[in-house]
Amino acid sequence: MKTRPILKNKIYLYLTEFFAGMSVMAVELGASRLLAPYFSSSQIVWTIIIGTIMIAMALGNIYGGKKADKNPDPDRLYIRIIIAAIWIAAIPVLGKYIIILIAGLLIFSINSNFLVIAAFAACMVVFVFPLFLLGTVTPSLVKYSVDSLDDSGKTVGYLNASNTIGSIIGTFVPTFISIPAVGTSITFLIFAGILMALSLVYFFSGRDSKRHGKTLIISSILYVVCCIFGHNNSFAFWQKDLTFEGESVYNYLQVSENDRRVILSTNVLFGVQSIYLKQDGLTGMYYDYAMAAPYMAGAKNSDNSKVLILGMGTGTYATQCNRYFSNLTFRGVEIDEKITALARRYFDLSEDIPVETYDGRAYLAALDEDEKYDIIMVDAYQDITIPFQMSSVEFFTMVREHLTDNGVMVVNMNMRGRTEGSINDYLQDTISSVFDNVYTVDVMGSTNRELFASNNPDMIKLFDEGTKAEENEELKDMMKTVRAGLIQYEAGDLILTDDKAPVELLGMKVIDDIIRDQVSYYKEIYEEKGISGLIDSF
C-alpha cells in the first residue's frame, strides 16, 4: 500500500478519526434543529434521527471495511470524506426545500403517523448518505494504521478514543456555541469546512497532488458556492415579512405581526404558541377563558392575590389579566430566556413582571414549602407536545402543594383530541387523581381546552359570585360564556406518572387528526382534479 508522508506517524489518522467523530455528532444535532421547525423536537423525532444515523454508520462500517480490504488506498477514504463534506455543506442550501417537498407529498398520501413517516423519509434522504460515508472512516483507518498484530489492540484503542473525544466535542460545540451564536446553517458549513480542510491537507501533502487536482478544485468551488447560498437561517423561506426569525438553545423562534396581532411560533407547520392582540380588550382566545381562574380562587375580592405562570412564553396571559385585575401580582417561569426577551420586545410584557429562566417543575421543587399561590397557570406546551415531567401525578402534586386553600390551577391543553384515550384524557384523569374538583371548557374556534382544578368545593360558587359582581360588561359576558361551557370532569384511570408518560405518542395521534381535518379539503380537490386543480385552489 502506497501512503503519503503525512500518514507515517499515524497522528494524522487519529486526527481524521477525531474530526470524523466530531462531524457525525454535529450533523446529528444539526439534523434535530433542521427538522424541529417542521416536525417538532419531540422524543419521537430524536428517536428517528438517532435510528437513521445508526443505520447509516453501520452500513458505512461494513462498506468501509470491505473497500479497505479490497483496495487499501487512503486516497479513496479522503475522497469519500470530501464527498461527505460537500453533501453536508449543501444541506443548508437544499435541505429545507427537500423536507418541505417530502412533507407536502406525504401529507396527501398518508392518513396516520405523519410525523414518524415524514421525519424518517426526510432523514433518509438528507442525512443518511454523508453519514454513511463518514461511517467508512473507522474500518479504513484500522486497515491503514495496523502494522502488525503486536500493536493492533493499542492502535484500534487510540482510534476509538480519538473518535469518542471528537464525538464529545461535536456534541457540546453545536449546542452551546455554534448554533446559538451563528445558527444551524452556518454550523453545517463550519463542520463541512473542517472535513474539507482535513482532506485538502492530506492531498496537498504528497508530491502527486495533481492526480486528484480536478476533484479538489471542483469540490472547493462547490463548497464556496454552498457557503454563499447556504448561510440563510430562514426555515419559513416562503414567508418574506417575518418580524423576527432565529434560534435559541431550546427552540426555533418566529415572530410575525400585522396591524392587529403579534404571533410567536416555534414550528412552521403546526400552529402557533402565542398570540397577542395589540388593541385593548378581550381576544376570544384561551387567555380570556383562563381568566376564570381568579374568580374561582376568590381573588377578585382579595387585596393581593399571587399568580404563578409555569410556561410563561410571551406572557400574554399575565398581560391580559393585568388589563382587568388590579389586585394580582405575577411571577413567570420560562425555560427559554430568548422567548422572554422577545416577549419584552414584541409582546408588550411589562418589565414589572419578573420572569425566572427555569424549568417549571424544577422551579416548583426549589420553592420553600410555605410559598403559596392563589393561581398557578400551567401552559408548558413545547412545539406540539407537553414535557413529560410536567404531565405526571408527581408534578401536579407539587402544584397542589404550592396552592393556597382556595387556590386554583388552570391548565391550557392546546390539542383537543376527538378520540377516546387522547392526550387530554390522560391529562384530565391524572389531574383528577390529585385534585378533588376538576372542570373543563372548550375554547370556541380553536383546539384549546382549559382545565380548572382545586381542592376547594366552593370554586364554582366563588366563580358565580365573582362574575355576578363584575362591573366590566365585556369581561362579564366572557365569563358567562365560560360558565355555559364548563363541564365537571368525571375521572378515569388513564394516569401519567414520571415512570410512564408517553406524551409524544399521544400528542402525535392528535396531530394526525388535526392534519387529516386540515388537508381533507385539498385531498378532495386532488382526487377530483389532480395536481393542476390543487395548484389552482391556492
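Student: Why is helix 12 (residues 316-324) said to be largely enclosed by the rest of the structure?

Tutor: Seven of the nine residues of helix 12 are buried, so the helix is largely enclosed by the rest of the structure. Buried means under 20% relative accessible area, exposed means over 50%, and partly exposed is in between (1.4 Å probe, protein chains only). The buried residues of helix 12 are Thr316, Tyr317, Ala318, Thr319, Gln320, Cys321 and Tyr324.

Student: What should I know about the model before going on?

Tutor: The model is predicted: local features need pLDDT of at least 70, side-chain atom pairs count only at pLDDT 80 or more, and totals for chains, interfaces and linings use all residues. Residues are numbered from 1 along each chain as its sequence is written, and side-chain values use heavy atoms, with hydrogens and water left out.

Student: How many helices and strands are there?

Tutor: The protein has 19 helices and 12 strands. These are DSSP runs numbered from the N terminus: helices are H or I with at least four residues, strands are E with at least two. Of the 538 residues, 55% count as buried.

Student: Why is Asn448 called buried?

Tutor: Asn448 has a relative accessible area of 12%, which is under the 20% limit, so the residue is buried. Asn448 sits in the loop between strand 10 (437-442) and strand 11 (449-454).

Student: What makes Arg361 buried?

Tutor: The relative accessible area of Arg361 is 16%, again under 20%, so Arg361 is buried too. Arg361 belongs to helix 14. Leaving out residues up to four places away in sequence, Arg361 touches Gln389, Met390, Ser392, Glu394, Phe395, Met398 and Asp498. Touching here is contact, meaning heavy atoms within 4.5 Å.

Student: How do you know that Asp69 and Lys143 form a salt bridge?

Tutor: The closest N and O atoms of Asp69 and Lys143 are 3.3 Å apart. A salt bridge is a side-chain nitrogen of Lys or Arg within 4 Å of a carboxyl oxygen of Asp or Glu, so the pair qualifies. Asp69 lies in helix 2 and Lys143 in helix 6 (residues 137-145), so the bridge ties together parts that are 74 residues apart in sequence. The structure holds eight salt bridges.

Student: Why does Asp69 count as exposed, and why is Lys143 partly exposed?

Tutor: Asp69 has 55% relative accessibility, over the 50% limit, so Asp69 counts as exposed. Lys143 has a relative accessible area of 36%, in between the two limits, so Lys143 is partly exposed.

Student: What makes Asp464 and Arg483 a salt bridge?

Tutor: The N to O distance between their side chains is 2.8 Å, and this is within 4 Å, so the definition is met. Asp464 is in helix 17 (residues 459-469) and Arg483 in helix 18 (residues 473-485), so the pair ties together parts 19 residues apart in sequence. Asp464 has 33% relative accessibility and counts as partly exposed. Arg483, with a relative accessible area of 33%, is also partly exposed.

Student: How do you know that Glu28 has no salt bridge?

Tutor: The nearest side chain of opposite charge, Arg33, is 13 Å away, and Glu28 is buried. Lys and Arg count as positive and Asp and Glu as negative, while His and the chain ends are not counted. Glu28 lies in helix 1 (residues 11-39). Not counting residues up to four places away in sequence, Glu28 touches Trp46, Ile49, Ile50 and Ile53.

Student: Which residues make the nonpolar surface patch?

Tutor: Ile55, Leu59, Ile62, Phe120, Met124 and Val125 make the patch, which has about 510 Å². Patches are made of residues with over 30% relative accessible area and no salt bridge; nonpolar side chains (Val, Leu, Ile, Met, Phe, Trp, Tyr) are joined within 5 Å, like charges within 9 Å. Accessible areas come from the Shrake-Rupley method with a 1.4 Å probe, and for residues only the protein chains shown count as cover. Val125, in helix 4, has 42% relative accessibility and counts as partly exposed. That value is over 30%, so Val125 passes the accessibility limit for a patch.

Student: What is notable about phi at Asp348?

Tutor: Asp348 has a positive phi of about 60 degrees although it is not a glycine. Most residues other than glycine have a negative phi. Asp348 is in the loop between helix 13 (337-346) and strand 7 (355-356).
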